[in-house]
Amino acid sequence: GSNWSGFDGLTNYDQLTSGTGNYANSQYTLEPPDLGMAVGNGYVVEMVNNALAVYDTKGNQITPTIPTNQFFGASPEFVQATNAYGTQLSDIRGYYDAPTKRFFLEEWGYVVDPFTGALLPDSFINLAVSQTSDPTGAYYLYHLNTTNNDVAGVPVIPDYTYIGADKTGIYLSSNTFEIGGQA
């Protein structure tokens, strides 16, 4: 016999229709999906593209689907009412640290011109750390500027990020590419 079990998680439709206020239905369709997951303390935090939700370990969704732009306090990806472009996020990652019983969620992003959607020379990594062992509660939010990583003297984006930890700290890593082309 197998001990494997699973449940249906977030879909592209869930991502597209997530959010409240200016964040409602402000998501793009993104393919292929970027995935992230953090599991611990009886919870599963699932992240697909630019949305996240918290489940119990039986697969019951216990939070609404939240756009990561809304979660991290960034502007919506796109506001249909005003045709305004907003912050673009990508490559979401999650990590549960058992010794501290904290959830770490990370996603890099860049700023675009609100009228044209053109890339601007401003990139960052968002890091959220749960304030308690309950991922449905409050988070400490950090915004780490990564624009000037000095790759060939040009502004960069921190693409395809990684997250990990040991007993002395949390670690973030990425590939860096020139904004507007490869460095």
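Colleague: What makes the pair formed by the backbone nitrogen of Phe 103 and the side chain of Ser 130 a polar contact?

Modeller: The nitrogen lies 2.8 Å from a polar atom of the Ser 130 side chain. A polar contact is a pair of N or O atoms within 3.5 Å; within protein, one must be able to donate a hydrogen and the other to accept it, and residues adjacent in sequence count only if both atoms are side-chain atoms. The value of 2.8 Å is within 3.5 Å, so the pair qualifies. Bear in mind that this is a predicted model, where local features need pLDDT of at least 70 and side-chain atom pairs count only at pLDDT 80 or more, while totals for chains, interfaces and linings use all residues. Residues are numbered from 1 along each chain as its sequence is written, and side-chain values use heavy atoms, leaving out hydrogens and water.

Colleague: Why is Ser 130 called buried?

Modeller: Its relative accessible area is 1%. Buried means under 20%, exposed over 50%, and partly exposed in between (1.4 Å probe, protein chains only), so Ser 130 is buried. In contact with it (heavy atoms within 4.5 Å) are Lys 101, Arg 102, Phe 103, Ala 138 and Tyr 139, not counting residues up to four places away in sequence.

Colleague: What makes Lys 101 partly exposed?

Modeller: Its 43% sits between the two limits, so that is the right class. Lys 101 lies in the loop between strand 7 and strand 8; strands here are DSSP runs of E, at least two residues, numbered from the N terminus.

Colleague: What is notable about the phi of Lys 101?

Modeller: Phi of Lys 101 is near 55 degrees, a positive value in a residue other than glycine. Most residues other than glycine have a negative phi. Asn 49 also has a positive phi, near 50 degrees, and Asn 49 is buried at 3%.

Colleague: How do you know that strand 8 pairs with strand 9?

Modeller: Two strands pair if DSSP finds at least two bridges between them. Eight bridges join strand 8 (residues 102-112) to strand 9 (residues 119-130), so they pair, running antiparallel. Glu 107, for instance, stands opposite Asn 126 in strand 9.

Colleague: And why do strand 3 and strand 4 count as a pair?

Modeller: Two bridges join them, and at least two are required, so the pairing counts. Leu 52 has Ile 66 in strand 4 as its bridge partner.

Technical notes. Helix = DSSP H or I, 4+ residues; strand = E, 2+ residues; numbered from the N terminus.
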